[in-house]
Amino acid sequence: MAKVTFIEHDGLEQVVDIPTGWTLMQGAVQSGVAGIEGECGGSCACATCHCYVDEALVDSLPPPSETEEEMLDCTASERRSNSRLSCQIRVSDALDGMVVRLPEAQS
Amino acid sequence: MVIVGAGQGGLQVAESLRAEGYDGPITLIGEEASAPYHRPPLSKAILAGTMEEAQLAIRGAEFFERQRIALLTGTRVAAIDRSARHVRLEDGRRLEYRGLALATGARVRRLPVAGDELDGVLGLRSLDDARRIRVALDRAARVVVIGGGYIGLEVAAAARKRGLEVTILEAADRLLARSATPFLAAFYADLHRSQGALVELGAKVVALDGQGGRVTAVRTADGRSHPADLVVVGVGIVPDTALAEGCGLACDGGILVDDSARTDDPAIVAVGDCTARRTGTGTPLRLESVQNAVEQGRSAAAALLGRERPFTAAPWFWSDQYDVKLQIVGLSADHDRMVLRGSPEDRRFSAFYFRRDALVAIDSINRPADHMAGRKLLDHKTMITPEQAADESLPLASLMRPGR
């Protein structure tokens with residue numbers, strides 16, 4: 001279990017408890033975090049769960065797959081160095097306290 | 001507001017009503033015991049065992065409380081009374097409505113042959129179905145999949161990944177006959193064969209044989225018998241229009257709706273797999289996809305509140321089989337020309353379909369960037385030439401703004 005803080009583009013913060021093994025996207029969507037859509041349900045097929053992960057943690061995460069890389073190039077909002085698709089990030093205890101910022105638009 | 005059907009489309013109507021500012025009561029009624037859940041992983045991650053059931057839920061319980069959406073699970077609607085504007089539940093209760101959304105989904109098509117009722121013959125539509133197939137896969141050695149559509153092929157891939165013997169029986173002369181081009185169908189036949197599945201085309205099933213009530217084999221019209229301890233039937237779905245027909249709404253292979261998800265009754269909208277969209281010309285268009293359910297859900301909520309939010313985006317869809325991700329955008333059925341970007345041998349390519357020089361659809365295999373760019377090209381009706389489509393040195397995204 002990890003406590004993850006999602007900060008929407010307008011500054012609204014929501015803290016979500018996400019079970020280990022779930023993805024960031026699943027935790028956010030089930031709690032109704034508005035800035036994450038996840039229309040494809042987490043199969044890396046729609047790029048509507050784009051997020052900016054904690055700068056401090058980004059390098060410790062497993063790197064994006066080739067598919068995620070390509071999808072990240074096509075996000076609705078600007079891609080940054082800490083851009084990830086939240087459906088591709090598995091939660092572990094190591095992510096407890098993580099802060100995730102959400103882009104202005106997902107589609 | 002009352003919504004009948006608690007799948008992806010029904011939930012979207014409820015959520016969009018709130019997003020549009022509707023503050024009154026919303027009741028979401030579903031027949032299944034579970035709260036709304038993601039269906040696409042059923043034939044993929046759930047069968048593969050890489051996802052827990054709890055991860056399937058689209059929204060958690062607190063979300064429904066917070067949004068004041070009353071969720072009635074395990075509840076069947078018996079009838080709709082349009083003149084009195086209420087729905088009658090099977091237990092006799094009545095729910096009045098100001099606006100009604102039908103999101104009744106579809107049922108698996110049964111096989112019209114003897115032996116369809118034997119144990120070990122399963123279809124895949126719901127979470128319950130997926131649970132049964134998963135248990136059966138744990139015990140099975142020989143799996144026969146009847147029907148070479150996306151569900152059948154995804155189940156076949158899951159079974160092969162577990163090392164089981166797999167035979168795919170398709171009655172047509174190619175796979176994916178209803179939904180994909182012959183070119184893509186041939187690619188998938190090769191893919192499944194290369195993974196060790198037996199793919200039999202033109203294989204018309206005439207009977208299922210059993211022993212002690214359990215299926216043992218599938219018999220085909222050519223006189224052959226295909227041994228099986230699990231048979232998965234994936235021969236399509238039938239839109240669930242019973243309630244709509246029962247109250248006199250127009251249906252034609254689905255509840256007929258316009259681009260704003262309106263039925264013929266101004267107080268009733270319909271969304272998702274149960275609908276068929278009226279098109280300017282020709283037969284109504286029925287799409288079985290998450291995107292269709294979600295987009296129609298948004299349109300439907302707006303329509304219920306007297307607003308216009310027609311849904312005209314290009315249809316898109318995806319399928320995961322083995323290590324191959326297919327993403328489709330557009331409708332290729334009436335194309336007259338195809339060009340390729342990338343190579344089928346590498347299992348990384350996009351097929352671009354044109355009709356009278358206009359791009360109508362793109363099938364992308366392991367090329368998600370092409371798909372994402374293609375969605376924008378089609379949504380904005382951007383003109384591109386077959387030569388541009390085939391030119392690997394030209395990024396598709398660069399074509400989106402003319403003059404750049």
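Begin by colouring chain B by its domains: domain 1 covers 2-107 + 238-304, domain 2 covers 110-235, and domain 3 covers 323-399. The model on the screen is a predicted one. With domain 1 and domain 3 of chain B selected, their centres, taken over C-alpha atoms, are separated by 32 Å.

**First stop: residues 2-297 of chain B**

Select residues 2-297 of chain B, which UniProt lists in an unreviewed entry as "domain: FAD/NAD(P)-binding". The end C-alpha atoms of this span lie 13 Å apart. Helix accounts for 25% of the span and strand for 27%.

Within chain B, display the five strands that run in the order β3-β2-β1-β7-β19; they form an open sheet with parallel pairing. The edges are held by β3 (69-72) and β19 of chain B, each with a single partner strand, so one side of each has no neighbour in the sheet. From one strand to the next, the twist averages 20°.

Next, centre the view on strand β7 (residues 100-102) of chain B, which pairs with β19(B) in the parallel sense over three bridges. Here A101(B) stands opposite V269(B) in β19(B).

Now add helix α1 (residues 8-19) of chain B, which packs on the sheet and touches β1 (2-4), β2 (26-29), β3 and β7 of chain B. The direction of helix α1 of chain B makes about 170° with that of β2(B). Then add α8(B), which also packs on the sheet, touching β7 and β19 of chain B. The direction of α8(B) makes about 175° with that of β19(B).

**Second stop: salt bridges**

Side chains of opposite charge can pair when their charged atoms come close. A search of the whole structure finds 36 salt bridges over all chains; a few of them are visited here.

Select D128(B) and R131(B), whose salt bridge has its closest N and O atoms 2.6 Å apart. Both residues belong to helix α4 (residues 127-139) of chain B, and because they are three residues apart there, about one helical turn separates them. D128(B) is partly exposed, at 38% relative accessibility, and R131(B) is also partly exposed, at 33%.

Move to R224(B), which forms a salt bridge with D222(B); the closest N and O atoms are 3.2 Å apart. R224(B) is partly exposed, with a relative accessible area of 38%.

Continue to R278(B) and D264(B), a salt bridge in which the closest N and O atoms are 2.8 Å apart. R278(B) lies in the loop between β20 (275-277) and α8 (290-304) of chain B, and D264(B) in the loop between β18 (255-257) and β19 (268-270) of chain B, so the pair ties together parts that are 14 residues apart in sequence. R278(B) is partly exposed, with a relative accessible area of 40%, and D264(B) is partly exposed at 47%.

In chain A, select E69(A), D73(A) and R79(A), which are linked in a network of salt bridges.

**Third stop: residues 316-400 of chain B**

Select residues 316-400 of chain B, listed by UniProt in an unreviewed entry as "domain: Reductase C-terminal". The end C-alpha atoms of this span lie 18 Å apart, and the span is 20% helix and 42% strand.

Display the five strands of chain B in the order β21-β22-β25-β24-β23, an open sheet with antiparallel pairing. Its edge strands are β21 (316-321) and β23 (337-343) of chain B, each pairing on one side only. On average, neighbouring strands of this sheet are turned by 15° against each other, direction ignored.

Strand β22 (residues 324-330) and strand β25 (residues 358-365) of chain B pair in the antiparallel sense over five bridges. Label I328(B), which stands opposite D363(B) in β25(B). Then show helix α5 (residues 150-161) of chain B, which packs on the sheet and touches β21 and β22 of chain B. The direction of helix α5 of chain B makes about 25° with that of β21(B).

**Last stop: R367(B)**

Finish at R367(B), in the loop between β25 and α9 (368-379) of chain B. Is R367(B) buried or exposed? The relative accessible area of R367(B) is 8%, so this residue counts as buried, the cut-off being under 20%. Leaving aside neighbours within four places in sequence, show the contacts of R367(B): E70(A), Q327(B), R341(B), G342(B), R348(B), F349(B), S350(B) and E392(B).

Notes. Residues are numbered from 1 along each chain as its sequence is written. Chains are lettered from A and ligands numbered from 1 in the order in which they are written. This is a predicted model: local features need pLDDT of at least 70, side-chain atom pairs count only at pLDDT 80 or more; totals for chains, interfaces and linings use all residues. Side-chain values use heavy atoms; hydrogens and water are left out. UniProt positions are given in the numbering used here, feature names are shortened, and annotations may be inferred rather than shown by experiment. Helices (H or I, at least four residues) and strands (E, at least two) are DSSP runs, numbered from the N terminus. A salt bridge is a side-chain nitrogen of Lys or Arg within 4 Å of a carboxyl oxygen of Asp or Glu. Buried means under 20% relative accessible area, exposed over 50%, partly exposed in between (1.4 Å probe, protein chains only). Domain bounds come from an automatic or database domain assignment. Two strands pair if DSSP finds at least two bridges between them. Axes are lines fitted to C-alpha atoms, for helices over the stretch in contact, and angles run from 0 to 180 degrees between N-to-C directions. Contact means heavy atoms within 4.5 Å.
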